[in-house]
Amino acid sequence: MIHSTLVDLITAFALVTGVVTVLAVRSWRVALRLVLDLLTAASLIRLAATEHWRDLATAATIVLLRTVIGALLSTSAAARRRDSAASRRRSGRPDSAVG
């Protein structure tokens, strides 16, 4: 019973944290990573309290989603940085130029 309440609280906290992060940092990528980390924690707590295969599958799915989305976000961010640096080189601006 306590585990279920804790899982619900962490899940709610994850959603609130995501919204606050988007508003404060203006980065949906950072917010998404935080939400997925907290949902992973909630799933692992739920898994520790039960012995159901459904809970194991839920935790595994969240971990898989977190890994795939994190890799995609990292890849797209690296590509944007490369494109930006290449664009600055073509325009003759140094990499440290702002704007």
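These are my notebook entries on a predicted model, taken element by element.

**Overall make-up**

I began with the secondary structure, and I found three helices and zero strands in the protein, the elements running α-α-α from the N terminus on. I then looked up burial across the chain, where 22% of the 99 residues count as buried. For the accessible surface of the protein I noted about 7,100 Å², with 68% of that area belonging to carbon and sulfur atoms. I also checked how far apart in sequence the contacting residues lie: among contacts between residues at least 6 apart, 51% join residues at least 24 apart.

**Helix α1 and T17**

I turned next to T17, which I placed in helix α1, a run that covers residues 2-25. Is T17 buried or exposed? I entered T17 as buried, because its relative accessible area is 15% and the cut-off for burial is under 20%. Leaving out residues up to four places away in sequence, I recorded that T17 touches L34 and L38, and I followed the first of these names onward, since L34 lies in helix α2 and its relative accessible area of 34% makes L34 partly exposed.

**The loop between α1 and α2**

In the loop between α1 and α2 I stopped at R26, whose phi is positive, at about 60°, although R26 is not a glycine. I listed R26 as exposed, because its relative accessible area of 69% lies over the 50% cut-off.

**Helix α2**

I checked the length of helix α2, which takes in residues 28-49, 22 residues in number, and which reaches 32 Å from its first C-alpha to its last, close to the 32 Å expected at 1.5 Å a residue. Which residues of α2 are buried? I wrote down A31, V35, L36, T40, A42 and S43 as buried in this helix. I came back to L34 of helix α2 when I looked at the surface, as V25, V30 and L34 make a nonpolar patch of about 220 Å².

**The salt bridge**

I then searched for charged pairs, bearing in mind that side chains of opposite charge can pair when their charged atoms come close. My count came to one salt bridge, in which the side chains of R66 and D37 meet at 2.3 Å, N to O. This pair links distant parts of the chain, as R66 sits in helix α3 (residues 53-91) and D37 in helix α2, with their positions 29 residues apart in sequence. How accessible is R66, and how accessible is D37? I entered R66 as partly exposed, because its relative accessibility is 36%, and D37 also as partly exposed, because its relative accessibility is 35%.

**Helix α3 and A59**

My last entry concerns A59, whose place is in helix α3. I put A59 down as buried, because its relative accessible area is 4%, and the cut-off is under 20%. What is A59 in contact with, once its neighbours within four places in sequence are left aside? I noted S43, L44 and L47, and of these S43 had already appeared among the buried residues of α2. I also looked up the spacing between A59 and I45, which are 14 residues apart in sequence and 9.3 Å apart in space, C-alpha to C-alpha.

Key: Residues are numbered from 1 along each chain as its sequence is written. This is a predicted model: local features need pLDDT of at least 70, side-chain atom pairs count only at pLDDT 80 or more; totals for chains, interfaces and linings use all residues. Side-chain values use heavy atoms; hydrogens and water are left out. Helices (H or I, at least four residues) and strands (E, at least two) are DSSP runs, numbered from the N terminus. Buried means under 20% relative accessible area, exposed over 50%, partly exposed in between (1.4 Å probe, protein chains only). Contact means heavy atoms within 4.5 Å. The expected span of a helix is 1.5 Å times one less than its number of residues. Patches are made of residues with over 30% relative accessible area and no salt bridge: like charges are joined within 9 Å, nonpolar side chains (Val, Leu, Ile, Met, Phe, Trp, Tyr) within 5 Å. Accessible areas come from the Shrake-Rupley method with a 1.4 Å probe; for residues, only the protein chains shown count as cover. A salt bridge is a side-chain nitrogen of Lys or Arg within 4 Å of a carboxyl oxygen of Asp or Glu.
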